[in-house]
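Subject: The structure I promised you

Hi,

Here is the structure we talked about, with my notes underneath. Have a look at it first, then read on with the viewer open.

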Amino acid sequence: MRAEVVYHLARRDVVKFLRDRQSLVATLVRPLLWILAVGFGLRRAVGTGAIGVDFVSFLVPGVATMAVLFSSMFSAVSIVWDREFGFLKELLVAPVPRATLVFAKMISASVTALLEVSVVLLVSPLFGARIDPLGALLAIPVLVAFGMSVSALGITVASRMKTFEGFGGIVNFLIQPVFFFSGALYPLEGLPPALAAVVRLNPMSYAVDATRGLCVGVHHFPIPLDAGVVLAALALLGTLAVRSFSRMQA
Amino acid sequence: MNPSPAIEVRDLSKRFGDVEAVRGVSFSVKEGEIFGFLGPNGAGKTTTIKMLCTLLAPTSGALRLAGFDVTKSPEDVRRSIGVIFQDPSLDDRLTAEENLELHAVVYGVPRAERRARLDEALAFVELSERKKDLVRTFSGGMKRRLEIARGLVHRPRVLFLDEPTTGLDPQTRKATWEVLRGLRDRNGMTLFLTTHYMDEAENCDRIAVIDHGRIVAEDSPEALKRAVGKDVVFVRTNEPAALCAVLAERYGLTPDRTEEGLCFRVEDGEAFVVRLVSDVRVAVTGIAVRRPTLDDVFLALTGRQIRNGNGEAGRDTMRAMARRR
Ligand SMILES: Nc1ncnc2c1ncn2[C@@H]1O[C@H](COP(=O)(O)OP(=O)(O)OP(=O)(O)O)[C@@H](O)[C@H]1O
Ligand SMILES: [Mg+2]
């Protein structure tokens, strides 16, 4: 795999992301709305008793992980887009292994996701969140791995879908449960057993847990376990993405 | 030692459900040759190119390109080829230069040469001034020129061109052909192209006429024309049925009905026309005599004209629309 090829392929997506000003602003502002509305909306009611920290601080890592989920998943729409507008043919006849194309897409997805995460983490102290800067830096590799695995899932879906509508339908169907059953919005302690079981099966729960543990010091699982699960999901979904993408015909 | 042919195709077929797009096609193209696929809409030209450039798996048949088996070593094949697609294939949210640069990187053009190659390619299609502009701001013809330039950036051994000059003005078409011939002469590049333009097909060393997924003739343009041999006569009349009957009865001819009137082939066109006009009582409104062209070759082989003027215009508009989305 030639690093220069990956760099240029990924740069193409990032450049286009930055060039589209309106959607860029919307993407960067959306997570902040979550913190404002949900964070301040529930702060009084939740208190600090059950979660160990102020609710806004508790919520920020969850929202950061959510931003990674949405942004990485939808970044794969560019494959559907490329197919629709014909550029995919140019990529598929190029003397580049399919795995390289997939890897570059995963990289660009996680770079754009990281941009959003940085905004969330940098702005959140203004909302009174107490984030450990060193912990936040350590959380970045976890979020990158999580973003890559989500984008791999998106690529798998995009490789099998012929239309925007088809892609949008499937992705929305996948993304809602992953988000709601992840502990991004609530602590994992004392959940009803059925919900707890679902949450344990969801790789995002571990990404949220690690990020929260590293950024604000509260977590449910051991952090090495969190990291292990996220990496395992990455390996599995990455393999699946390469396989689906390679099967695709122009 | 005999070098292996640039392209070798044996009994190639492709079926899409009920549609047999390509039905048992065989041909081979020598290194440095300009080979053309000439055929009407839906003949199977694009489908054949897609199979040759690894984008589509054949239903059956053997394909070799630059010595590599296309189905077994697609990566080696991709390294040897360049493709100028019939349908749009640019990223119109990137600039012209960015499109070419990504292509150069992906095809492994050495960094030291990249700048020069891009500038050369942009200059050749006269887009140097617009290189920093987003492709979506380009006209249809400018986009097409950029695609041609991109196909040349990495100097492939075998270049596929699927209707390369559709949508280009006559000057640009001519200039494009000069460059393509130059590439063949200087670098020994092999060119495989498809076209409906007869004058364009005449640039080829060899032509395969393809219709309904089958090759109906294959030879040099001159030989094909010679095979048709006779002069082509068009006669316009308001009573085609009556004239047809006369031509059949008295001269044993079976004219084809075309846009330009009744069409038939005779040994000495001028002499025949003089005789016909004095012989026949049917009112004739126009007469034309031509030496055979590839159009006539196609007509003689298939009984149909390759495409009328209307189809041409309609198609270019469709292409422009597809590009504008
Ligand atoms: N992906 C596909 N699925 C189904 N049918 C297809 C597909 N691609 C091509 N065909 C069919 O195969 C036949 C040959 O199509 P092809 O695109 O190869 O024609 P062509 O010679 O390139 O025509 P044109 O001059 O219009 O470009 C047509 O009948 C077409 O409808
Ligand atoms: Mg075609």
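Let's start with a small puzzle: where in chain B is the place of B:Glu126? You'll find B:Glu126 in the loop between α4 (111-124) and α5 (140-153). Before you click on anything else, please keep in mind that this is a predicted model.

I picked that residue for its backbone. Most residues other than glycine have a negative phi. B:Glu126 isn't a glycine, yet its phi is positive, about 55°. B:Glu126 also counts as exposed, because its relative accessibility is 66% and the cut-off is over 50%.

B:Asp11 is another case to look at: not a glycine, and with a positive phi of about 50°. This residue sits in strand β1 (residues 7-16) of chain B. Its relative accessibility is 48%, so B:Asp11 counts as partly exposed. There is also a glycine with a positive phi: B:Gly303, at near 75°, which follows α11(B). While you're at that helix, check which of its residues are buried. In α11 (residues 294-302) they are B:Leu294, B:Asp296, B:Val297, B:Phe298 and B:Leu299.

Now the two chains as wholes. How many helices and strands does chain A have? The count is 11 helices and 0 strands, so reading from the N terminus you just get α after α: α-α-α-α-α-α-α-α-α-α-α. Chain B, on the other hand, has 12 helices and 14 strands.

For chain A you can do a quick check on packing. A compact globule of 250 residues would have a radius of gyration near 18 Å, and chain A has 18 Å, so the two agree. Its C-alpha atoms fill a box of roughly 60 × 40 × 35 Å along the principal axes, and 52% of its 250 residues are buried. In chain B, the C-alpha trace spans about 75 × 45 × 40 Å along the principal axes, and 54% of its 325 residues count as buried.

Next, the magnesium ion, which is ligand 2. Which protein atoms are its donors? They are OG1 of B:Thr46 and OE1 of B:Gln86, lying 1.9 to 2.0 Å from the ion. B:Thr46 belongs to helix α1 (residues 45-52) and B:Gln86 to the loop between β6 (81-84) and α3 (96-106), so this pair ties together parts of chain B that are 40 residues apart in sequence.

Are these two donors buried or exposed? B:Gln86 is buried, because its relative accessible area is 10% and the limit for buried is under 20%. B:Thr46 has 23% relative accessibility, so that one counts as partly exposed. The side chains of B:Gln86 and B:Thr46 also make a polar contact with each other, at 2.7 Å. B:Gln86 has a further side-chain partner in B:Glu163, through a polar contact of 3.4 Å.

Both metal donors turn up again around ligand 1. There are 15 residues around that ligand, and those that come nearest are B:Gly42, B:Lys45, B:Thr46, B:Thr47 and B:Gln86. You can also trace a run of backbone atoms beside oxygen atoms of ligand 1:

- B:Ala43 has a polar backbone atom 3.1 Å from an oxygen atom of ligand 1.
- B:Gly44 has a polar backbone atom at 2.9 Å from an oxygen atom of the ligand.
- B:Lys45 has a backbone N or O atom at 2.8 Å from an oxygen atom of the ligand.

On its own, ligand 1 exposes 640 Å², and the protein buries 63% of that.

Which element gives the largest share of the shell around ligand 1? That is α1(B), with 3 residues. Both β2 (19-29) and α1 of chain B supply at least two residues each. By type, the shell divides into 5 nonpolar, 7 polar and 3 charged residues.

If you want a route through the viewer, try beginning at the magnesium ion with B:Thr46 and B:Gln86, then step across to ligand 1 and its backbone neighbours, including B:Gly44. After that, go out to the loop that holds B:Glu126.

Shout if anything is unclear.

Cheers

Terms used
Residues numbered from 1 in each chain as written. Chains lettered and ligands numbered in written order. Predicted model: local features only at pLDDT ≥ 70, side-chain atom pairs only at ≥ 80, totals over all residues. Heavy atoms only, no water. Donors = N, O, S within 2.8 Å, 3.2 Å for Na, K, Ca; no water. Helix = DSSP H or I, 4+ residues; strand = E, 2+ residues; numbered from the N terminus. Buried < 20%, exposed > 50% of the residue type's maximum accessible area, 1.4 Å probe, protein only. Polar contact = N/O pair within 3.5 Å; in protein donor to acceptor, adjacent residues only side chain to side chain. Near = heavy atom within 4 Å. Areas by Shrake-Rupley, 256 points an atom, 1.4 Å probe, with all protein chains shown as cover. Nonpolar A, V, L, I, M, F, W, Y, C, P; charged D, E, K, R; others polar. Rg over C-alpha atoms; globule rule 2.2 N^0.38 Å.
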